[in-house]
Amino acid sequence: MDGVFYAKAAACIGAALAVGLGVLGPSLGQGGIGMRACEYAGRYPESAGQISKMMLVSMGMIESSSLWALITSLGLMYLAYSF
């Protein structure tokens, strides 16, 4: 009984770490992209439309890595409660 409890606890802690650390990098990256996009749109207002398009594509690509962290944590939680 103790082995199952420790396995479930380790899976839950692993899931929490996967989400917590897996979202940290993308959130910092998205903040940096948003900051630079606002900065350059202020400097070059005539190209604000192109900057916005590139910013949205970049943020979408970065967001996908945080979704992988969420999928990994959900998989760990499924494994923790499947046995």
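This report walks through a predicted model of a protein, from its overall shape down to single residues.

## The overall picture

Let us begin with the whole chain. The protein has 2 helices and 0 strands. Its C-alpha trace spans about 65 × 15 × 10 Å along the principal axes. The radius of gyration is 19 Å, whereas a compact globule of 83 residues would have a value near 12 Å.

Buried residues account for 16% of the 83 residues in the protein. As for contacts with a separation of 6 or more, 82% of them join residues that lie 24 or more positions apart.

## The helix α1

Helix α1 covers residues 2–43. With 42 residues, α1 reaches 62 Å from its first C-alpha to its last, and this is close to the 62 Å expected at 1.5 Å a residue.

Which residues of α1 are buried? They are A11, A15, A18, P26, Q30, G34 and A37. The cover over the buried residues of α1 includes α2, which runs over 48–82.

A residue with another setting is Y6, which also belongs to helix α1. Y6 has a relative accessibility of 56%, so it counts as exposed, the cut-off for that class being over 50%.

## The helix α2

Now for the partner helix. The 35 residues of α2 reach 50 Å from first C-alpha to last, close to the 51 Å expected at 1.5 Å a residue.

In α2 the buried residues are I51, S66, A69, S73 and A80. What covers the buried residues of α2 includes α1. Each helix therefore takes part in covering buried residues of the other, given that burial means under 20% relative accessible area.

## Where the helices meet: Q30 and M59

A good place to look at the two helices together is Q30. This residue sits in helix α1 and is one of the buried residues there. Setting aside residues up to four places away in sequence, Q30 touches M59, I62 and E63. With E63 there is also a polar contact, made between the two side chains at 2.8 Å.

M59 offers the view from the other side, as it is found in helix α2. Beyond its neighbours within four places in sequence, M59 is in contact with Q30, I33 and G34. Is M59 buried or partly exposed? Its relative accessibility is 21%, so M59 counts as partly exposed, with buried reserved for values under 20%.

Two distances help to place M59 in the model. Its C-alpha atom is separated by 14 Å from that of L24, which is 35 residues away along the chain. Y6 and M59 are 53 residues apart in sequence, and their C-alpha atoms are 38 Å apart in space.

## A small network of charges

How many salt bridges does a search of the whole structure find? It finds 2. One is formed by the side chains of E39 and R36, at 3.6 Å from N to O. These residues are 3 apart in helix α1, so about one helical turn separates them.

The other pair is R43 and E39, whose closest N and O atoms are 3.2 Å apart. R43 and E39 are 4 residues apart in helix α1, so here too the separation is about one helical turn. Through shared partners, these salt bridges join R36, E39 and R43 into one network.

The members of the network can also be described by their accessibility. E39 has a relative accessible area of 28%, so it is partly exposed. R36 is partly exposed as well, because its relative accessible area is 43%. R43 reaches 51% relative accessibility, so it counts as exposed, just past the 50% cut-off.

## The cysteines

Finally, a look at two cysteines. A disulfide is a covalent bond between the sulfur atoms of two cysteines. The structure holds 0 disulfides.

How do C12 and C38 sit with respect to the surface? C12 has 25% relative accessibility, so it counts as partly exposed. C38 counts as exposed, because its relative accessibility is 60%.

Terms used:
Residues numbered from 1 in each chain as written. Predicted model: local features only at pLDDT ≥ 70, side-chain atom pairs only at ≥ 80, totals over all residues. Heavy atoms only, no water. Polar contact = N/O pair within 3.5 Å; in protein donor to acceptor, adjacent residues only side chain to side chain. Contact = heavy atoms within 4.5 Å. Disulfide = S-S within 2.5 Å. Buried < 20%, exposed > 50% of the residue type's maximum accessible area, 1.4 Å probe, protein only. Expected span 1.5 Å × (residues − 1). Salt bridge = Lys/Arg side-chain N within 4 Å of Asp/Glu carboxyl O. Rg over C-alpha atoms; globule rule 2.2 N^0.38 Å.
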